[in-house]
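Me: I would like to go through this model with you, one point at a time. Please reason through each answer before you settle on it.

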Amino acid sequence: MNLQYPVSSPSTCGVDPGGPGGPCPVPTPSPALGAYSSLPTSDSSLCTPAPIVRPSSGCVSVDSKIRLSDGTEVKASELKKGEKLLGITADGNEREQEVVSVVLTESVSVNVTHAKGQFLCSETHAILTLDSDPRPAGTLQPGDSVLLLNIGESEVTEVTSVGSLPVISITCEPDHTFYANGVASHNTKVIWPVGEAYL
């Protein structure tokens, strides 16, 4: 594993719960809602509250194969800032994406098995489907379909929790989408007290 990446706090999948005045309480994961909510703090002046994350925190396993725009693949752990990925626009067209950050962290993860393969990621990783907005991986059910590169869709057969694992959070622009193990994925939208950012 390439350890050149900055490491964030465990279980937040790329979201740092700390602030300029010191660390805030660790956010409480809510996989069913696809969001992290801040725990209450007795003195909010001591820290910057953790952001609310919607719809997921977008982390893939370190061994996930990420599709570059030239058609080759690299492991998520080997991905570097500035590399060009293959992504998908809101209207379904493929477009080049530029990596703006990669973060090594740790998160409760799931293995999503579908008719064409499987995909290991954080339970809150946003997966694109044909019939809805991006869905947190942990909320997928057998019978749901995931969007695949060059295939269209593949039916989910099983989603299994595998505990806490090292994962890579990928940020890319302009569409915040990429393919990991052939599965179309989306970055997370983070609502900070001062604005929005994508992870």
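Me: In which loop is histidine 176 found, and is histidine 176 buried or exposed?
Reply: In this predicted model, histidine 176 is found in the loop between β15 and β16. Residues count as buried when their relative accessible area is under 20%. Histidine 176 has a relative accessibility of 11%, so this loop residue counts as buried.

Me: What is the phi of histidine 176?
Reply: Histidine 176 is not a glycine, and its phi is nonetheless positive. The value for histidine 176 is about 60°.

Me: Which peptide bond is cis, with omega near 15°?
Reply: The loop between β15 and β16 also holds proline 174. The bond that leads into proline 174 has omega near 15°, and it is cis. The bond asked for is therefore the one from glutamate 173 to proline 174.

Me: What is the phi of asparagine 181, and where is asparagine 181 placed?
Reply: Asparagine 181 is another residue other than glycine with a positive phi, in this case near 55°. Its relative accessible area is 31%, and asparagine 181 is therefore partly exposed. Its place is in the loop between β16 and β17 (183-186).

Me: How many helices and how many strands are there in the protein chain?
Reply: The loops discussed above are named by the strands on either side, among them β15 and β16. For the protein chain, the count is 0 helices and 19 strands.

Me: What percentage of the contacts in the protein chain with a separation of 6 or more comes from residues 24 or more positions apart?
Reply: The contacts considered here are those with a separation of 6 or more. Within that set, residues 24 or more positions apart account for 59%.

Me: Which strand gives the most to the largest nonpolar core?
Reply: In soluble globular proteins, nonpolar side chains tend to be buried together. Here the largest nonpolar core has 27 residues, and Val60, Ile66, Leu79, Leu85, Ile127, Ile170 and Phe178 touch the most other members. Strands β10 (94-114), β11 (117-122), β14 (145-148), β15 (152-173) and β16 (177-180) each supply at least two of its residues. The strand that gives the most, with 5 residues, is β10.

Me: How many residues are in the other core, the one that includes Ile88 and Tyr179?
Reply: This other core lies apart from the largest one, and its members include Leu128 and Leu147 as well as Ile88 and Tyr179. Its number of residues is 7.

Me: Which residues lining the largest pocket are the closest to its centre?
Reply: The largest pocket holds about 270 Å³ of space. By class, its lining has 6 nonpolar, 6 polar and 2 charged residues. Of the 14 residues in that lining, the closest to the centre are Ile88, Thr89, Ala90, Leu128 and Thr129.

Me: How many Å separate the C-alpha atoms of leucine 86 and glutamate 96?
Reply: Leucine 86 is found in strand β9 (residues 84-88), and at 14% relative accessibility it counts as buried. Leaving aside neighbours within four places in sequence, its contacts include Glu94, Arg95 and Gln97, and also Phe178 and Tyr179. Glutamate 96 is 10 residues from leucine 86 along the chain, and their C-alpha atoms are separated by 5.0 Å.

Me: Which residues does glutamate 158 contact, leaving aside its neighbours within four places in sequence?
Reply: Glutamate 158 is found in strand β15, and at 44% relative accessibility it counts as partly exposed. Threonine 113 is 45 residues away in sequence, yet the C-alpha atoms of the two are 5.1 Å apart in space. With its sequence neighbours left aside, glutamate 158 is in contact with Asn111, Val112 and Thr113.

Me: Is glutamine 118 buried or partly exposed?
Reply: Glutamine 118 is found in strand β11, and it touches Asn111, Val112, Thr113 and Asn181, not counting residues up to four places away in sequence. Its relative accessibility is 48%, so glutamine 118 counts as partly exposed.

Conventions
Residues numbered from 1 in each chain as written. Predicted model: local features only at pLDDT ≥ 70, side-chain atom pairs only at ≥ 80, totals over all residues. Heavy atoms only, no water. Helix = DSSP H or I, 4+ residues; strand = E, 2+ residues; numbered from the N terminus. Contact = heavy atoms within 4.5 Å. Core = buried A, V, L, I, M, F, W, Y, C linked by side-chain atoms within 4.5 Å. Buried < 20%, exposed > 50% of the residue type's maximum accessible area, 1.4 Å probe, protein only. 1 Å grid on protein atoms, 1.4 Å probe; cavity = no way out; pocket = protein on both sides within 12 Å on 5 of 7 lines; lining within 4 Å. Points joined across faces, edges and corners; volume = space filled by probe spheres on them. Nonpolar A, V, L, I, M, F, W, Y, C, P; charged D, E, K, R; others polar.
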